[in-house]
Each structure stands twice: as structure tokens, then as C-alpha cells.
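These entries record what I looked up in the structure. They are arranged by site, with one entry for each topic.

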Amino acid sequence: MKIDSERLWCNLMKLGNIGRTEQGGVTRLSFTKQEKDAKAYLMKLMNQTDLAIHEDAMGNLYGRKEGIYKNEPVVLIGSHIDTVINGGIFDGAAGVLAGIEIVQTLKDQGITTKYPIEIVAFTDEEGTRFSSGMLGSRAVVGDLTLQELKQNSDYTGKTIAMVMKENGYNEKLIKNAKRSATEIKAYLELHIEQGKVLENEDIPVGIVSGIAGLTWLKVSLKGEFGHAGTTPMILRKDPLAAMAKIITYCEGVALQQHHTVITAGNILVNHGGINVIANDVNVIFDIRDISGENLQRIEKLIRMYIDKICVERNIQYDIEILEHHEPSLCSPYINHNLEIACNKLNIKPKHLMSGAAHDAMVMSKIADIGMIFVRTKAGVSHHPSEWASKEDIALGTELLYNTILQLE
Ligand code: HGY
Ligand code: MN
Ligand code: MN
């Protein structure tokens, strides 16, 4: 093995301590002190690896290692270092640190690749703070609008634009973050699987064939608040009861499909209480499928059902799409090189789909993408008990290292 697994693991554990929570997880929301401290740590590592450091207008942090050919398109290796609330220390971080380990190993080996290599930590992949994610990679492909930065806000009511300004960024310059397809030869991302396929088949690493599409559908219901004791059932306009029907309907729709998952992970009840009929309720439905047509068909079914329920119960509703990404396929050219590298390392190439979203799906709009998955203990992620072994992370990084050399 050429990469230094101890060094990589030590970096992972140190980064994992930045934003540590009492429950043993990590919280590093975008544009917070925790994220700033994590970036400072990354910049220290990038400096040690002689990378030219650059942070763009959206806060994407790059480290660049020149190639033999100065103006050739770059091989970009990236992921994210923001996390969900009380999440795990591997989601995103493993991919960024694997990239840094690879350029460090090239330096140790005295290798200069033909193509320049850049490591990138994208801003706000998770979308936890502003309910719209992959902000950094979307700015890179030109999919992020100033209007979105001004209208999406966090739980305190601060918009992305306000928070950016507070942190020294100028939201009006996000166009400068955009990169063209001609600048990027390939985008590669190592990530924990966050599922159980590899563990069930006792395989340490896998090659991602494609990434499921995603729609975040915000449903707001407005009814009539009232006293729980004095309002007869027949006279109620209870948005919470209506939302319960809608959530159960969505579950039923997903169960009838093969590759659809629908989650109502956060419900916001305004003016509710033990003895109060709520006034209004919001839920953001997370809908995913490997087929773009299915996503559209399912969204239509849900919209029709919401209309039916709300007409019956005299409830007002509003539906807003907060985020939508079409399913994306990984590049056969890169996956072929991943397979060659697997054979070189005596790893049985295992291809699998990603149910989780990744910056790679956004980058597929301007580059050939490839992803490596690393086995995840019990498939748990977005939780303090998220775990991957030192050996598997190292093997995935070695596989990525060999693939980078293969792409020459
Ligand atoms: O939500 C996701 O799939 C990813 O973890 N951001
Ligand atoms: Mn992730
Ligand atoms: Mn995640």
C-alpha cells in the first residue's frame, strides 16, 4: 500500500473532533465557527502538502498540485466537510482527507502527474442549515442563483446571503465560483456508503454506478387553531391530522415502487400544543428514486392527494420544490479505470447505486464523475455511531490513488 493509512486515520480523527457534540457526534453547519475551524485544519494539511490554496466566492476550499502540463484540465478530488446536526465523522470528511492523502503520497513518492490535481471541500453539501443543499458544487456548475441565496433562510430567519456577508463572503460574486467543463478532466469522490450493501456482502469498497435523483418538496398546510376540548371533531380544520394522512399516503406510494424512498424527517407545527388544535404545519418530503420519470410521476400523485385531502377538510395548502436533482450516472470511462485499479489491488469490483445524494451528482453536469464507496458499519450514517474501519478507508484511498495514476 502506498498511501499512509496511519496519517490518513489521524487526520480523520482530528477533523472529527472539530464540532464534536456531547452525544459523540459532530455538528459542523455551513458558515459556522465549527466549519471555519475545520477549514483552518484542512488549510494546515494543504500547506504541509505544498498545495496552492484557494477559496472561491461560495466558500469552496481548493488545494492545487500542479501537473507536468500546466494548462491541462484538472483531476478534481472532493467532497464536503459540513455535517448534519449530531452526524458522523466520516460523511464527507473521508473524501476530502483521502484526496489530501493522495497528493501527500504523490509528494512522498516524488511523482508529478501529467494533469494538475485539485482537492476541494464543497460548501454546504447537506442542506441542513438552509433546507437547500449542495450549495458549493451548485455554484461551481452555475446552478445557484443570487435569488436563492437571498430567499433561503435558516431557523433563525437569517438568509444564506446574510450569513455569507457576516462571514466575509460577497454573495453577488458567486458567479466567480463557476467553472467550465473544459477545466475539469474528471471529478472523483470517495464516500462512505451510508448503506448496508457492502457490509452484507462482506466487501470493503465498491464502485458507484449511479446516484439516485432527489426532490425536496415543502408542504405547508394552514387550518384553524382551536381549543382541544371545546371544538367538535366535525367542525375542525386540523392541519396536523391532514398532514398525518399525507405522510401515510406518501409511505404507501413508496412501498408500491421498487426504488423509491420517501421521508418526512422534520415536521414543523406552529401554534400547536397538548390541548391546542394546531394552526399550521410544514413538512419537507425527501423523495428519491433512480428514475427521473418516476420522481415526476410520484410528485404528481402526491400533489393530487394533497389537493383531495385539503378540499375535503377545507384546509389551505402550499407546495414548494426546495431542491431537485435528476439521477446521475457515473462515467463508464472512469468506472473502467476503477475496475482496472480494483484488479491491480485484488479487490473484486462491486458496482452499486447510491441512494444518498452527493456533490458528484451536481458535478456530473460539467465533468465525468466517479465515486468509490467504503463499507459502513450497519449502514448507519447521519448519526454519532456512523463508522468505517481504518483498513477500509485506507483501501478505498489506495484504490482512488491507483485510479488517479491510471487516468494519466
Ligand atoms: O441527503 C443525502 O443524501 C446526503 O447525505 N446529503
Ligand atoms: Mn455526504
Ligand atoms: Mn450526508
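**Entry 1: the two manganese ions.** I began with the metals in this predicted model. The manganese ion (ligand 2) and the manganese ion (ligand 3) lie 3.4 Å apart, and D91 coordinates both. I noted that this pair links distant parts of the chain: H80 belongs to strand β3 (residues 74-80), whereas D91 sits in the loop between β3 and α3 (93-109), 11 residues apart. I then checked the cover of these two residues and found both H80 and D91 buried.

**Entry 2: donors of ligand 2.** Which protein atoms serve as donors of the manganese ion (ligand 2)? I list H80 (NE2), D91 (OD) and H191 (NE2), at 2.1 to 2.3 Å from the ion. Along the chain, the donors of ligand 2 follow the spacing H-x10-D-x99-H.

**Entry 3: donors of ligand 3.** For the manganese ion (ligand 3), I recorded coordination by D91 (OD), by E126 (OE), which is entered twice, and by H382 (NE2), at 2.1 to 2.8 Å. The spacing of the donors of ligand 3 along the chain reads D-x34-E-x255-H. Here too the pair links distant parts of the chain: D91 is in the loop between β3 and α3, and E126 is in the loop between β4 (117-122) and α4 (135-141), 35 residues apart.

I next asked whether E126 is buried or exposed. Its relative accessibility is 10%, so E126 counts as buried, the cut-off being under 20%. D91 has a relative accessible area of 4% and is therefore buried.

**Entry 4: the surroundings of ligand 1.** I turned to ligand 1 and asked which residues surround it. They are E125, E126, Q194, R288, A356, A357 and H382. E126 and H382 appear in this list and also coordinate the manganese ion (ligand 3). By class, the shell around ligand 1 holds 2 nonpolar, 2 polar and 3 charged residues.

I looked up three polar distances. An N or O atom in the side chain of E125 is 2.9 Å from a nitrogen atom of ligand 1. A nitrogen atom of ligand 1 is also 3.0 Å from a polar side-chain atom of E126. At A357 a polar backbone atom is 2.7 Å from an oxygen atom of ligand 1. On its own, ligand 1 has 210 Å² of accessible area, of which the protein covers 91%.

**Entry 5: strand β6.** I then examined strand β6 (residues 205-211), which is mostly covered, with 6 of its 7 residues buried. Which strands pair with β6? With strand β15 (residues 369-374), β6 pairs in the antiparallel sense over 3 bridges, and V205 stands opposite V374 there. With strand β14 (residues 351-354), β6 runs parallel and is joined by 4 bridges; V208 faces L352 in that strand. With strand β13 (residues 328-329), the pairing is antiparallel over 2 bridges, and S328 is the bridge partner of I211.

**Entry 6: a residue away from the metals.** Last, I looked up I247, which is found in helix α8 (residues 239-256). I recorded I247 as partly exposed because its relative accessibility is 28%. I also compared its position with that of H191: the two are 56 residues apart in sequence and 30 Å apart in space, C-alpha to C-alpha. H191, by contrast, is one of the protein donors of the manganese ion (ligand 2).

Definitions and conventions. Residues are numbered from 1 along each chain as its sequence is written. Chains are lettered from A and ligands numbered from 1 in the order in which they are written. This is a predicted model: local features need pLDDT of at least 70, side-chain atom pairs count only at pLDDT 80 or more; totals for chains, interfaces and linings use all residues. Side-chain values use heavy atoms; hydrogens and water are left out. A residue is near a molecule or strand if one of its heavy atoms lies within 4 Å of it. A polar contact is a pair of N or O atoms within 3.5 Å; within protein, one must be able to donate a hydrogen and the other to accept it, and residues adjacent in sequence count only if both atoms are side-chain atoms. Accessible areas come from the Shrake-Rupley method with a 1.4 Å probe; for residues, only the protein chains shown count as cover. Ala, Val, Leu, Ile, Met, Phe, Trp, Tyr, Cys and Pro count as nonpolar, Asp, Glu, Lys and Arg as charged, and the others, Gly among them, as polar. Buried means under 20% relative accessible area, exposed over 50%, partly exposed in between (1.4 Å probe, protein chains only). Two strands pair if DSSP finds at least two bridges between them. Donors are N, O and S atoms within 2.8 Å of the metal (3.2 Å for Na, K and Ca); water is not among the atoms, so sites may look incomplete.
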